[in-house]
Amino acid sequence: MENELEEIKQKTDIVSLVNEYVPLKKAGRNYKALCPFHSEKTPSFMVSPDRQIFKCFGCNEGGDVLEFVKRIEGIEFGEVVKKLANRAGITLKDYRPSGLEKKKDLIFSVNQASTELYNYLLTKHKVGKPALDYLHLRKINDYSIEKFQLGFAPEKGDIAIKFLLKKGFNSEGINMAGQSSSYLGGKLLDRFRGRIIFPIKDSQGRTLGFSGRSLGSREPKYLNSPDTLVFNKSNSLYGIDLARTQINKQKTSVLVEGNIDVIASHQVGVTNVVAPLGTAITQRQIDILRRFSDTLLISFDTDIAGDAAAKRGIELAESAGFSIKMVDIGSGKDPDELIRKNPESWKKKIKEAVSIYDFLIKSSLKKWDKDDSEGKKKIAHEVLPVIAKLPDEISRDHYVRKIASHLKVSEEAVRADLKKYLPTTYLGNVEKKAELIPKLNKLSILENYLLTLIIQSGVMPDDIDEDLFSLEESRAIFQVLKKHFDEEERIKIKKLSKSIPEKLLPIYDEILLYSLSDNVLRSKEDSIEEISTCMDRIKELNLRSKLKKLGLEIKQAEAVSESVRIENLTKEFRDLSLQLTSLKTKE
């Protein structure tokens with residue numbers, strides 16, 4: 001198994017893999033991006049092609065290709081191994097799946113067989129004709145029916161169960177996949193009956209579960225699969241498997257309410273569209289979309305301004321760093337209805353999408369009388385809590401001015417009201433996060449920065465030796481680095497990395513992955529200048545530290561009248577002071 005894991009890592013380039021999820025930008029020897037694991041505006045996520053590792057200096061996540069896929073896909077280690085082996089064209093011989101993995105594989109198999117059955121019943125069997133007619137009436141064409149693998153579950157109670165039993169699945173596996181429901185007397189019935197079936201897939205195209213729309217009067221109108229080992233409606237997005245490529249290409253996700261909205265949009269060529277399974281947008285759904293895009297367009301018929309769950313979704317998207325816009329297609333309409341009437345209009349509305357905050361203000365102004373004092377209060381109460389959650393002062397100030405202008409009140413009055421909704425825990429949260437960050441002194445930071453400069457630029461100063469480094473770890477890494485440079489006459493990262501003792505690898509990896517300014521690596525001369533400046537700064541800090549220590553020793557010697565010791569210490573203090581003056585003159 002260890003050999004197979006090594007083969008997977010050797011055949012999987014981490015830069016290519018990570019770039020499938022987040023766009024990477026060259027940064028010296030490394031690559032950088034916005035971290036896919038936490039919200040940030042400035043890139044702190046680094047990838048090393050030399051070490052085949054990643055590290056985020058913001059949230060501290062790090063590891064190799066296996067760890068990256070495990071973390072970003074939210075899957076078990078065994079699933080990661082299978083996924084990457086398949087990607088690299090490797091046949092696993094020694095791999096033994098865990099009990100949990102076997103159960104998940106069984107559920108996927110049950111779901112795939114069910115998908116094929118439902119699709120056959122819809123498209124090839126007479127029992128599915130009413131459902132097929134309904135879809136055609138909704139302008140869903142046969143190509144889309146196959147593309148989305150739509151299906152039909154007949155009213156008769158146990159067709160799917162009998163089919164799956166004949167396929168070799170047992171009742172326990174069928175129930176585990178959520179395909180059955182209990183009935184009086186212990187008899188199992190199909191969960192989905194008399195419903196058009198929409199398979200819900202993950203970004204890899206595997207069927208996680210199903211959403212069923214009743215064809216007649218059966219309630220509820222929509223029924224989803226229950227939670228299973230592979231499915232949770234809060235973690236899923238309808239259409240993500242077919243939208244992922246275009247979302248990643250355009251860096252824009254379009255979020256609509258219904259499954260048919262997604263299909264209708266695909267039919268007119270707008271394919272970066274997905275739908276949550278319900279109107280509330282969850283953190284997990286935001287995380288999935290943020291992997292591939294930085295702009296989120298929303299087209300919901302819901303009254304977003306008055307819907308607490310919808311506003312919560314907006315806050316989550318804002319916190320994730322999304323630029324959020326609203327596709328305004330008019331009250332009481334949905335994309336499917338608009339597309340059926342005028343396909344080009346949907347494309348036009350997407351291009352005309354406005355900032356979500358402008359849309360919220362506009363919606364509130366339509367609902368309430370802005371000229372009435374009570375109306376002004378309701379508008380403020382509806383809009384200001386959302387504006388207060390904006391992460392930057394400039395954006396908040398912009399909307400304060402806009403709201404004041406619309407309501408014909410002073411900006412001071414709006415600001416006073418806004419203060420009621422500003423988060424009181426912000427500073428506390430910042431302090432708590434700061435407590436989690438190791439407190440590195442200036443010397444530690446500078447010594448590691450110097451090592452970063454040398455390694456990434458390939459420039460080894462002639463006048464440097466290990467005595468410059470006062471910290472044990474930094475000195476140990478420098479010793480290995482210097483020996484390597486003397487032997488090779490240049491720095492070969494892959495060979496150097498193999499020479500680093502295992503206990504020093506975590507610090508070495510941080511040094512290797514640290515993002516340097518482009519100016520520093522622009523030319524050899526620029527690198528030499530920065531290295532020289534850094535060395536002088538380290539020398540200065542070391543001298544100041546020694547002078548501080550000597551100052552205390554002199555005071556102690558004076559307290560007990562040790563004249564000879566006072567004279568020696570004073571001379572040493574004077575010599576070090578001259579060295580410090582010389583350094584400062586050099587600057």
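The paragraphs below go through two sheets, the helices that lie across them, the nonpolar cores and two buried positions in a predicted model.

The mixed sheet is a convenient place to start. Six strands form this open sheet, in the order 12-14-13-15-16-17, and their pairing is mixed. Its edges are strand 12 and strand 17 (354-355); each has a single partner strand, so one side of each is left without a neighbour in the sheet. At one edge, strand 12 and strand 14 run antiparallel and are joined by two bridges, with Leu-237 opposite Pro-276 of strand 14. Strand 14 also pairs with strand 13, again through two bridges, but here the strands run parallel. In this pair Val-254 stands opposite Val-273 of strand 14. To get from strand 13 to strand 14 the chain passes through helix 11 (residues 259-267), and this β-α-β crossover is right-handed. At the other edge, strand 16 (residues 323-326) and strand 17 run antiparallel and are joined by two bridges. The bridge partner of Met-326 in strand 17 is Val-354.

Strand 14 has buried residues pointing in both directions. Val-273 and Ala-275 point one way, Val-274 and Pro-276 point the other way, and all are buried.

Helix 10 lies across strand 12, strand 13 and strand 14, and runs at about 125° to strand 14. Which residues of helix 10 are buried? They are Ile-240, Ala-243, Arg-244, Ile-247 and Asn-248, within a helix that spans residues 240-250. These residues cover an arc of only 135° around the axis, which means that they sit on the same side of helix 10. The general geometry explains such spacing: an α-helix has 3.6 residues a turn, so residues three or four places apart point the same way. On the other side of helix 10, Thr-245 and Lys-249 are exposed. The cover over the buried residues of helix 10 includes strand 12 (237-238), strand 13 (252-256) and strand 14 (273-276), together with strand 9 (195-201) and helix 12 (283-292). Just after helix 10, Lys-251 takes a positive phi of about 60°.

The other sheet is built with antiparallel pairing. It is an open sheet of five strands in the order 1-2-3-4-5. Strand 1 (25-27) and strand 5 (62-63) are at the edges, each with a single partner strand, so one side of each is left without a neighbour in the sheet. Strand 5 pairs with strand 4 (residues 53-56) in the antiparallel sense over two bridges, and Lys-55 stands opposite Gly-62 of strand 5.

This sheet also has a helix across it. Helix 24 (residues 505-513) lies across strand 2 (30-33), strand 3 (45-48) and strand 4, running at about 80° to strand 4. The buried residues in helix 24 are Leu-505, Tyr-508, Asp-509, Ile-511, Leu-512 and Leu-513. What covers them includes strand 2, strand 3 and strand 4, as well as helix 21 (442-457), helix 22 (472-488) and helix 23 (493-499).

The nonpolar interior can be considered next. In soluble globular proteins, nonpolar side chains tend to be buried together. Here the largest nonpolar core has 69 residues, and those with the most contacts inside it are Phe-45, Phe-68, Leu-289 and Tyr-357. Helix 17 (residues 373-388) gives the most to this core, with seven residues. There is a second, separate core of 45 residues, and among its members are Ile-174, Tyr-238, Ile-260 and Leu-277.

Two single positions remain. Gly-128 is in the loop between helix 5 (99-123) and helix 6 (129-137). Is Gly-128 buried or exposed? Its relative accessible area is 0%, so Gly-128 is buried. Leaving aside neighbours within four places in sequence, Gly-128 is in contact with Leu-121, Leu-122 and Phe-152. Its C-alpha atom is separated by 8.3 Å from that of Gly-151, 23 residues apart along the chain.

Asn-542 lies in helix 25 (residues 524-559). With a relative accessible area of 16%, Asn-542 counts as buried, because buried means under 20%. Not counting residues up to four places away in sequence, Asn-542 touches Leu-443, Leu-468 and Ser-470.

Terms used: Residues are numbered from 1 along each chain as its sequence is written. This is a predicted model: local features need pLDDT of at least 70, side-chain atom pairs count only at pLDDT 80 or more; totals for chains, interfaces and linings use all residues. Side-chain values use heavy atoms; hydrogens and water are left out. Buried means under 20% relative accessible area, exposed over 50%, partly exposed in between (1.4 Å probe, protein chains only). Helices (H or I, at least four residues) and strands (E, at least two) are DSSP runs, numbered from the N terminus. The arc is that of the directions from the helix axis to the C-beta atoms. Contact means heavy atoms within 4.5 Å. Two strands pair if DSSP finds at least two bridges between them. A crossover is right-handed if, with the strands pointing away from the viewer, the path from the first strand over the helix to the second runs clockwise. A nonpolar core is a set of buried Ala, Val, Leu, Ile, Met, Phe, Trp, Tyr and Cys residues joined through side-chain atoms within 4.5 Å. Axes are lines fitted to C-alpha atoms, for helices over the stretch in contact, and angles run from 0 to 180 degrees between N-to-C directions.
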